[in-house]
Amino acid sequence: MSYEKSVELYNEACDLIVGGVNSPSRSFKGVGGGTPVFMKEGRGAHLFDEDNNRYIDYLGAYGPIITGHGHPHIAEAINEAARTGTLLGTPTKWENVFSKKLKDAVPSLEKVRFVNSGTEAVMTTIRVARAYTGKHKIIKFEGCYHGHSDLVLVAAGSGPSTLGSPDSAGVTPNIAAEVITVPFNDIDSFREAIDRWGDETAAVLIEPIVGNFGLVEPEPGYLEEIKKLTHESDSLLIFDEVITAFRFTYGAAQNMLQVEPDMTAMGKIIGGGLPIGAYGGRVDVMEQVAPLGPAYQAGTMSGNPASMRAGIACLEVLEKDGVYDTLDRLGERLETGLLEQAEKYSIPVTINRLKGMFTIYFTDETVKDYKGAERSNSERFSIFFKEMLDRGVHLAPSKYEAWFLTTEHSNEDIEDTLEASDQAFAALSSY
Ligand code: PMP
């Protein structure tokens with residue numbers, strides 16, 4: 001496979017754009033470096049690069065593109081918005097239509113607000129929780145990513161009783177000291193943290209099903225206990241469903257898990273491929289937000305007709321019968337095939353999968369927390385990634401990401417992927 005044009009464009013981009021990319025995860029740093037592929041076009045489940053190579057796409061743009069690229073129903077909605085005004089600066093009926101659709105699917109969203117990214121959505125839930133509780137600290141979970149706002153770019157302290165330290169230059173120690181980080185799926189550590197800090201904690205922020213150190217589900221009863229202890233300390237429970245909302249079912253992970261938070265942050269899929277975020281929850285909590293309440297949050301682009309109409313159209317596709325069963329069936333076929341091949345070539349792997357989303361970890365140990373995901377062999381992942389890319393399968397360039405299936409992946413795509421992975425495993429076994 002030749003990447004000549006991508007190399008040229010990347011060299012030019014490095015002179016113009018910091019690091020050559022507009023989001024660090026797009027660089028190939030996570031797979032030991034190299035030139036990210038510059039795509040010209042996406043169609044259905046496929047990407048086409050500037051050198052005219054074709055890829056089966058499992059990146060899914062890091063999650064939003066669950067209905068494939070250029071879906072006609074969504075394209076029509078966006079075209080209509082382009083013709084009639086993408087941004088009017090006034091309320092429009094589309095905001096009502098979309099809020100109602102979201103609330104029908106996720107009943108805990110008694111009131112919502114649209115913003116423009118997952119980062120904004122999560123950041124604001126924290127502000128609102130602080131306004132509501134009058135407390136300042138937050139407890140979050142090791143390895144979960146919640147966007148790039150200051151408060152959530154905080155690394156774990158050395159134990160549940162210690163405060164965090166900045167995980168990025170520019171985040172002040174004072175801000176980091178407001179954050180406690182505990183391991184996921186470890187209720188004792190959480191209990192210890194809430195015993196020590198509960199009186200000062202405004203919110204507990206968690207991905208109910210983790211998508212940021214691969215895919216990791218909560219152990220049975222874990223979220224129920226988190227909710228109970230959170231409420232006992234008069235703190236609010238926030239679910240970050242930026243990845244999980246409409247991923248596994250027509251609704252959010254909270255519907256499947258039957259645990260309702262006080263507030264939820266969403267993004268990705270609900271924008272139908274356009275920029276979006278949304279947060280919402282209990283009426284009494286949400287009424288803290290301006291203009292009703294003292295917690296300020298605003299946005300020139302928020303609720304714009306283009307994102308609203310794309311999001312509505314995307315949900316219209318997803319609410320059709322059988323969508324999530326199809327994603328599950330394709331995911332199962334891929335999982336089974338990959339596991340068989342790993343065994344054939346004696347490469348230890350673990351796959352965590354739920355419906356059309358899964359992660360392949362290069363370890364034979366069960367992965368249920370961040371430390372487990374860290375054990376996935378980075379070198380093996382990097383080789384596998386590059387072998388797959390060279391055979392026309394585009395994965396996310398990091399061992400901590402997931403594969404995302406779309407409604408447009410066909411049986412043939414899955415079989416072609418397995419043909420490529422057979423060769424990738426064979427190559428791995430000869431290293
Ligand atoms: N929360 C989670 C769980 C995410 O995975 C992400 C992005 N990957 C965010 C928040 C931030 O969303 P955005 O990139 O749209 O700001």
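The following exercises, each with a worked solution, concern a predicted model.

Local features are taken at pLDDT of at least 70 and side-chain atom pairs only at pLDDT 80 or more, while totals for chains, interfaces and linings use all residues. Residue numbers start from 1 along each chain as its sequence is written.

**Exercise 1. The ligand shell**

Determine how many residues surround the ligand and which helix gives the most to the shell.

*Solution.* Step 1: apply the criterion for a near residue, namely a C-beta atom, placed from the backbone, within 6 Å of the molecule. Step 2: 15 residues surround the ligand, and the closest are Ser117, Gly118, Thr119, Gly147 and Val242. Step 3: helices (H or I, at least four residues) and strands (E, at least two) are DSSP runs, numbered from the N terminus. Helix α4 (residues 118-133) gives the most to the shell, with 3 residues. Step 4: the shell divides into 5 nonpolar, 8 polar and 2 charged residues. In this division, Ala, Val, Leu, Ile, Met, Phe, Trp, Tyr, Cys and Pro are nonpolar, Asp, Glu, Lys and Arg are charged, and the others, Gly among them, are polar.

**Exercise 2. The open sheet**

Give the strand order of the open sheet and identify the strands at its edges.

*Solution.* Step 1: two strands pair if DSSP finds at least two bridges between them. Step 2: the order of the 4 strands is β1-β2-β3-β15, with mixed pairing. Step 3: β1 (39-43) and β15 (393-394) each have a single partner strand, so one side of each lacks a neighbour in the sheet. Step 4: β2 (residues 46-49) and β3 (residues 54-57) run antiparallel and are joined by 3 bridges; Leu47 has Tyr55 in β3 as its bridge partner.

**Exercise 3. The two sides of α7**

Establish which residues of helix α7 (residues 222-232) are buried and which elements cover them.

*Solution.* Step 1: count other C-beta atoms, placed from the backbone, within 10 Å of a residue's own: 20 or more is buried, 12 or fewer exposed, and in between partly exposed. Step 2: Tyr222, Leu223, Ile226, Leu229 and Thr230 are buried. Step 3: these residues lie on the same side of α7 because they cover an arc of only 130° around the axis, the arc being that of the directions from the helix axis to the C-beta atoms. Step 4: Lys228 and Glu232, on the other side of α7, are exposed. Step 5: the cover over the buried residues includes α6 (187-197), β9 (201-206), β10 (236-240) and α8 (253-257), with contact meaning C-beta atoms, placed from the backbone, within 7 Å.
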